[in-house]
Amino acid sequence: MRVAQITDTHLKGDPDDLAVIEWLGGITLHDPTESLELILTDIVALDTPVDLIIGTGDLADRGHPLAYRRLNAMLNATGIPAMVVPGNHDLPDVLDANLPGGSVELGTFCEVAGWSFVFARSGNTEWGELGPAQLSTLATRLATRRHDNIFLWLHHPPVNLMGPLGANVSFLGDDVTALHRRHPIAGIAAGHVHGPHDVHHGDIPVHATPSTFMGGGGPGYRIFDFDEHGFTTTVRSWPERSTMTDDKRDTLVTNMRKRHAEHAGDPIERNLEERAVAEVRGWYEQAEAARGRPAEYRSR
Ligand SMILES: [Fe+2]
Ligand SMILES: [Fe+2]
């Protein structure tokens with residue numbers, strides 16, 4: 001069973017609206033739609049076919065209905081079934097109304113190849129949360145599972161991968177630990193941090209995946225191969241399309257500060273100005289990590 005995880009596609013309502021690129025002020029970024037097309041083309045062309053595409057949030061940059069409809073069309077064109085969950089940039093109601101259809105479903109729970117896949121919605125904050133009601137729903141779904149291999153798909157990783165900015169934040173860690181105590185989780189895939197990370201939350205392997213259009217290590221996606229014994233995962237990325245060059249760093253910080261100030265009252269943009277600096281620093285750290293990361297992770 002092969003899954004391709006795509007995340008943080010950040011599609012705009014208008015495909016020609018390159019404001020996200022303009023506010024970065026001279027940084028050569030790739031258009032999110034074009035970059036996603038490159039990645040979906042790569043997924044379709046893999047020698048070992050992909051059975052399922054899973055999208056783990058920040059699918060639309062600002063929750064625009066047209067962004068979801070375009071994503072639906074692009075996913076349907078692959079001919080591969082897809083399941084999706086929202087991230088903090090998504091507006092869940094708009095996503096629910098515009099993204100499913102054809103081969104695209106909202107992720108809740110499914111059982112495939114000896115695995116129970118459970119999907120969580122981790123909210124619109126920067127840190128993510130599951131909350132008592134959803135934890136109860138997830139536990140109820142898992143209580144009726146046929147397979148004991150549980151894999152959790154969601155937007156926010158349960159550990160701090162954001163450096164000093166996240167040092168005093170618990171993220172989803174406690175929520176995930178509570179679920180894990182009742183129903184042991186064998187692996188977690190997340191997005192949000194836009195870069196490749198293979199870490200652990202307690203004894204649970206956590207795999208964070210590059211954004212399909214921007215991040216320190218270049219755009220990318222992740223492949224998971226599941227069988228009854230475990231899973232392997234590798235990242236496919238395009239480091240040559242990373243534009244996090246040192247000479248652009250100051251411009252990037254300045255423009256991100258401007259953007260965060262402009263959107264201070266926006267419910268999607270619940271950020272402190274300091275986030276700009278921390279985020280850019282994180283991207284550079286990811287670029288470093290991407291150069292030295294192991295090629296493949298094996299759970300067994
Ligand atoms: Fe994102
Ligand atoms: Fe996010």
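## Core, helix and two odd phi values

Mentor: In this predicted model, the largest nonpolar core has 56 residues, and F119, A120, L152 and W153 have the most contacts inside it.

Trainee: What is F119 in contact with, leaving aside its neighbours within four places in sequence?

Mentor: M83, V85, G107, T108, F109, W153 and L154. Each counts because its C-beta atom lies within 7 Å of the one in F119.

Trainee: Why is H194 called buried?

Mentor: Buried takes 20 or more other C-beta atoms within 10 Å, and H194 has 26, so it qualifies.

Trainee: And why is A113 called partly exposed?

Mentor: A113 has 17 such atoms within 10 Å. Exposed would need 12 or fewer and buried 20 or more, so A113 falls in between.

Trainee: What makes the phi values of these two worth a look?

Mentor: Most residues other than glycine have a negative phi. Phi is positive in both, near 50° for A113 and near 65° for H194. A113 is in the loop between β5 and β6, H194 in the one between β8 and β9.

Trainee: How do you know that the span of α3 is close to the expected one?

Mentor: Helix α3 has 14 residues, and at 1.5 Å a residue 20 Å is expected; from first C-alpha to last it reaches 21 Å.

Trainee: Which residues of α3 are buried, and why do we say they line one face?

Mentor: They're A67, Y68, R70, L71 and L75. Seen down the axis, they fall within an arc of 160°, so they line one face of the helix. Their cover includes α2, β2, β3, α4 and β4.

Key:
Residues are numbered from 1 along each chain as its sequence is written. Chains are lettered from A and ligands numbered from 1 in the order in which they are written. This is a predicted model: local features need pLDDT of at least 70, side-chain atom pairs count only at pLDDT 80 or more; totals for chains, interfaces and linings use all residues. A nonpolar core is a set of buried Ala, Val, Leu, Ile, Met, Phe, Trp, Tyr and Cys residues joined through C-beta atoms within 7 Å. Two residues are in contact if their C-beta atoms, placed from the backbone, lie within 7 Å. Helices (H or I, at least four residues) and strands (E, at least two) are DSSP runs, numbered from the N terminus. The expected span of a helix is 1.5 Å times one less than its number of residues. The arc is that of the directions from the helix axis to the C-beta atoms.
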